[in-house]
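Let's take a walk through this fold together, starting inside and working out to the sheets. Keep the model open beside you as you read.

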Amino acid sequence: MTLKPLSRSRLTRPALLCLSACVLAVGSAQANLIDDIPAGTGYAALDLCTRTMQSGDDYLKVRWNYVVPKVQPLPAVWLVNYKAGVKVDVQSYVPFITHKRTAIFRQGLGCTIVPPGISESSVRAQAFRAVATPASSTQAWPLGDGPVESHLSSPEQARLLASHGDAIFAETTTQANQKQNTIAFLVARDGHLIYERYAKGYQRQQAQLGWSMTKSLTAMLAGAMATDQRLSLDAPVGLPQWSGSPKAAITWRQLLNMAPGLAWDEGYEGASDATEMLFSQGNEGQWAADRPLTSTPGTVFTYSTGFANVAMWRMRQILGGSHQALYDYYQQRLFAPLGITGGVIEPDASGTPVGGARGVLRPVDWLRLGQLVAQGGVWRGQTLIDPPTMDFLLAPSPASAEYGGMIWRQPAQAIPAELRARLPGDLVWFAGHMGQYVVIVPSRQVVVARMGASFDKPETIRRVFSAVADLLDQP
């Protein structure tokens with residue numbers, strides 16, 4: 001099936017060229033649109049692919065509600081070729097310049113950008129064996145996939161949850177580029193799922209893209225490897241490409257603290273290190289590892305999707321170098337014990353999971369990861385992440401009190417001051433692009449998850465942390 005935008009199909013070639021010139025004129029006043037186009041086409045192709053083919057969302061809803069408002073003014077000059085279950089091509093047409101990005105779908109792996117210089121056939125030829133999906137358990141969450149246990153809430157708690165649920169899902173504007181687009185809101189307390197709500201048209205079994213919440217998942221995977229003594233936090237990361245250079249001294253602790261000393265531009269709205277890596281590079285971790293060393297490792301906090309990809313690239317090497325070995329490890333060592341089904345970390349064109357951005361799990365499974373943190377790394381009596389490693393993941397980095405081992409923590413300036421004052425010091429959270437949050441308070445055994453496609457991040461933060469603060473005020 002091929003779907004083309006109405007805007008292009010109704011334009012004559014002269015009109016399209018005129019419109020292209022106008023878009024370029026606007027772009028030159030606001031940003032360098034030519035440089036931004038690869039990011040826009042790559043973002044659009046990958047988001048359309050993941051949300052529809054991996055998550056099972058509706059193509060037109062994703063296109064018009066989530067993608068078009070995000071990549072303006074690109075839709076005025078794009079051509080979208082959508083083949084359900086196969087791939088998405090997004091191509092831009094501006095005078096003298098054509099940019100195209102393709103995201104391909106592979107069953108069990110999700111979606112992958114095929115960047116310039118790499119053929120689609122070579123990526124599809126990568127050998128892969130998916131794990132068997134276990135039968136769903138009817139045990140109560142988190143041990144199984146039983147229904148929400150709303151009866152465990154008092155009437156007052158139930159009213160509070162319902163009120164915040166309404167607020168989380170509420171829209172106060174008809175402007176597509178300002179909407180909340182909440183998809184899921186879940187609350188666990190004392191190890192029980194007490195509230196679960198999805199937007200109309202969504203349901204529990206649909207996995208959702210966590211964006212940068214995947215960084216926290218990557219850190220937990222590194223924590224499992226440290227627990228298994230496959231790596232040591234205070235040992236050098238050991239990338240062969242760093243051998244013989246000052247980078248060779250960078251430790252796992254420094255890398256997971258987002259303080260390896262490497263240069264990085266994490267911008268998302270146009271050309272940056274992050275968008276170049278995510279949408280134009282075949283081996284993302286290897287590319288990110290080549291960024292120059294600009295500060296003493298361990299001293300400067302630099303938030304980076306690339307550093308999480310470096311960690312994933314090195315973990316693949318430690319496990320023998322094959323993408324299958326790393327896939328098997330995270331599925332068997334972390335997902336299977338937690339009961340996570342259908343989850344995947346989408347890979348780059350080299351086959352390496354994109355550890356900084358592409359985790360696609362059901363909201364109840366993102367909540368399970370938060371519950372593992374709340375339980376100190378222990379699950380059903382089994383230590384998945386040992387106490388010293390879990391302590392490191394949650395402790396403040398020497399370079400930033402707001403950040404631990406790829407997990408955000410109190411106190412953080414992103415939370416409004418009046419809410420920050422109401423929240424306990426052990427509160428930590430995973431955070432992702434467009435309003436993905438898993439908030440964890442170990443001392444109170446409270447875990448809250450919100451997922452969606454928000455275009456108003458400050459308002460999403462306010463709503464999520466208001467809910468958490470009010471829940472903690474309850475006895």
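Which strand gives the largest share of the lining of the second largest cavity? That would be strand E4 (residues 110–114), with three residues. Before going on, some ground rules: this is a predicted model, where local features need pLDDT of at least 70 and side-chain atom pairs count only at pLDDT 80 or more, while totals for chains, interfaces and linings use all residues. Residues are numbered from 1 along each chain as its sequence is written, and side-chain values use heavy atoms, with hydrogens and water left out. Helices (H or I, at least four residues) and strands (E, at least two) are DSSP runs numbered from the N terminus.

On confidence, pLDDT is the predictor's own score for each residue, from 0 to 100. The protein averages 92, and 92% of the residues score at least 70. Residues 1–32 are another story, with pLDDT below 50; beyond near neighbours in sequence, that stretch has 43 contacts in the model (a contact means heavy atoms within 4.5 Å).

Back to the holes. On a 1 Å grid over the protein atoms alone, a cavity is a set of points where a 1.4 Å probe fits but cannot get out, while a pocket is an open set with protein on both sides within 12 Å along at least five of seven lines; lining residues have an atom within 4 Å of a point. Grid points are joined across faces, edges and corners, and a volume is the space filled by probe spheres set on the points. By that rule there are three cavities of 30 Å³ or more. The second largest holds about 60 Å³, and its lining has six nonpolar, one polar and four charged residues (nonpolar being Ala, Val, Leu, Ile, Met, Phe, Trp, Tyr, Cys and Pro, charged being Asp, Glu, Lys and Arg, and polar the others, Gly among them). The largest cavity comes to about 100 Å³, and helix H9 (residues 273–280) gives the largest share of its lining, three residues. Leu278 is among the residues lining the largest cavity, and Leu278 also appears in the lining of the second largest.

The largest pocket has about 680 Å³ of space. Of its 39 lining residues, Thr133, Pro134, Ile340, Thr341 and Gly342 are the closest to its centre. Helix H12 (residues 323–338) supplies the largest share, seven residues.

Now for the sheets, where two strands pair if DSSP finds at least two bridges between them. One open sheet has six strands in the order E6-E5-E15-E14-E13-E12, paired antiparallel. Its edges are E6 (192–198) and E12 (408–409). Six bridges join E5 (residues 182–189) to E6, with arginine 189 standing opposite histidine 192. Helix H6 (residues 155–169) packs on this sheet, its direction at about 155° to that of E5, and helix H16 (residues 457–473) runs at about 25° to E14; axes are lines fitted to C-alpha atoms, for helices over the stretch in contact, and angles run from 0 to 180 degrees between N-to-C directions.

Finally, check some backbone oddities. Tryptophan 141 and proline 142 share a cis peptide bond, omega about 10°, and so do glutamine 410 and proline 411, omega about -10°. Methionine 434, in the loop between E13 and E14, has a positive phi of about 65° although it is not a glycine.
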